[in-house]
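Me: Hi! I have just opened a protein I have never looked at before, and I'd like a friendly tour. Could you walk me through it?

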Amino acid sequence: LSFSRLKTPPLIVSNIRNIEVDFSDETAFEIFKSSVINMPNIKDVLVWMHSEFHPLTRSILGSISGSVSGSIVQIFGTSTSKNALSPKDFQKHLKGKCAYFSVILGRNKDGWLTNKEISDGATRAFQEQKNIIVGELI
C-alpha cells in the first residue's frame with residue numbers, strides 16, 4: 001500500500017497511527033479510506049476534520065466503523081459545534097458495534113484552549129464514553 005499522496009506518511013508508534021490526509025485530493029482520500037478499512041484490529045478512532053470536510057464524515061466513519069471494536073470520538077471546533085452529530089443520530093450510520101461520541105471545543109479564560117486541554121477532553125470522551133464540552137462555549 002502506498003501512502004505517497006498523503007500529506008505526511010502515517011506516524012506509527014507502537015499501536016497508534018496518525019494519518020493526515022488532504023481530503024480535497026480525491027486519490028489521497030480513496031487511498032486513505034481503503035487503507036483504514038483494511039487495517040485489522042482498530043480499537044478506537046479519534047477524528048478531527050476541518051469544517052469544510054464535515055460532509056465526508058458519514059462516508060468515512062461509516063466505511064471504517066465495521067473495523068472499530070471500541071469508540072469513535074470526533075472533535076469539533078466552537079464554530080462547528082452545531083455540526084456535531086448526537087451519538088443517537090450517528091449510530092444509525094455505523095456498521096458493527098462501535099460507539100460514537102463528540103468533543104466540542106470552547107474557549108478558556110485566556111482564549112484558545114491549550115493542546116493539553118484538548119487532549120484531556122478527547123481522553124475523557126474515550127474513558128467516560130460520553131460527549132464532552134471542553135472550556136466554555138460562546
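Reply: Happy to; we'll go from the overall layout to the strands, the cores and a few single residues. Keep in mind that this is a predicted model.

Me: Good to know. How many helices and strands does the protein chain have?

Reply: Its secondary structure comes to four helices and six strands. Reading from the N terminus, the order of the elements is β-β-α-β-α-β-α-β-α-β.

Me: And how much of the protein chain counts as buried?

Reply: The protein chain has 138 residues, and 41% of them count as buried.

Me: What about contacts between residues that are at least 6 apart in sequence: what share joins residues at least 24 apart?

Reply: That share is 63%.

Me: Let's go to the strands. Which way do β3 and β4 run, parallel or antiparallel?

Reply: β3 and β4 run parallel, with four bridges joining them. As an example to click on, V45 has I72 of β4 as its bridge partner.

Me: What does β4 pair with over six bridges?

Reply: β4, which covers residues 71-76, pairs with β5 over those six bridges, in the parallel sense. Two of the bridge partners in β5 are F101, which goes with V73, and S102, which goes with Q74.

Me: Where does β5 go from there? Which strand is joined to β5 by three bridges?

Reply: That would be β6, residues 132-134, and β5 and β6 run parallel. If you look at L105, you will find V134 of β6 opposite.

Me: What handedness does the β-α-β unit of β5, α4 and β6 have, left or right?

Reply: Left-handed. The helix in that unit, α4, spans residues 115-128.

Me: Back to β4 for a second. Which of its residues point which way?

Reply: S71, V73 and I75 point one way, while I72, Q74 and F76 point the other way. Six of the six residues in β4 are buried, so both faces of the strand are covered, with every one of those residues under 20% relative accessible area.

Me: And β5, how many of its residues are buried?

Reply: Seven of seven, for the stretch 99-105. A99, F101, V103 and L105 face one way, with Y100, S102 and I104 facing the other.

Me: Let's try a helix. How covered is α2?

Reply: α2, residues 57-64, is mostly covered, with six of its eight residues buried. The buried ones are T57, I60, L61, G62, S63 and I64.

Me: Now the inside. How many residues are in the largest nonpolar core?

Reply: The largest nonpolar core has 22 residues, and the ones with the most contacts inside it are F23, F32, V36, V45, I60, L61 and I72. The elements giving two or more residues to this core are α1, β3, α2, β4 and β5. Of these, α1 gives the most, with four residues.

Me: What lies apart from that core?

Reply: Another core, with 12 residues, including V73, F101, L113 and I118. You have met two of those names already: V73 and F101 are bridge partners.

Me: Changing topic: how many aromatic pairs turn up in the whole structure?

Reply: Zero. There is a ring with a charge over it, though: the charged end of R107 sits over the ring of W112, 4.3 Å from the centre of that ring.

Me: I clicked on I132. Is that residue buried or exposed?

Reply: I132 is buried, because its relative accessible area is 2%. I132 lies in strand β6.

Me: What is I132 in contact with, leaving aside neighbours within four places in sequence?

Reply: The list is S102, V103, I104, G121, R124 and A125. As for L105, that residue is 27 residues away from I132 along the chain, and their C-alpha atoms are separated by 8.6 Å.

Me: Last one, Q129. Where does Q129 lie?

Reply: In the loop between α4 and β6. Q129 is not a glycine, yet its phi is positive, at about 55°.

Me: Why does Q129 count as partly exposed?

Reply: Because its relative accessibility is 36%, and partly exposed covers the range between 20% and 50%.

Notes: Residues are numbered from 1 along each chain as its sequence is written. This is a predicted model: local features need pLDDT of at least 70, side-chain atom pairs count only at pLDDT 80 or more; totals for chains, interfaces and linings use all residues. Side-chain values use heavy atoms; hydrogens and water are left out. Buried means under 20% relative accessible area, exposed over 50%, partly exposed in between (1.4 Å probe, protein chains only). Two strands pair if DSSP finds at least two bridges between them. A crossover is right-handed if, with the strands pointing away from the viewer, the path from the first strand over the helix to the second runs clockwise. Rings of Phe, Tyr and Trp (its six-membered ring) pair if their centres lie within 6.5 Å; planes under 30 degrees apart count as stacked, over 60 as edge-to-face and the rest as tilted. A charge sits over a ring if NZ of Lys or CZ of Arg is within 6 Å of the ring centre and within 35 degrees of the ring normal. Contact means heavy atoms within 4.5 Å. A nonpolar core is a set of buried Ala, Val, Leu, Ile, Met, Phe, Trp, Tyr and Cys residues joined through side-chain atoms within 4.5 Å.
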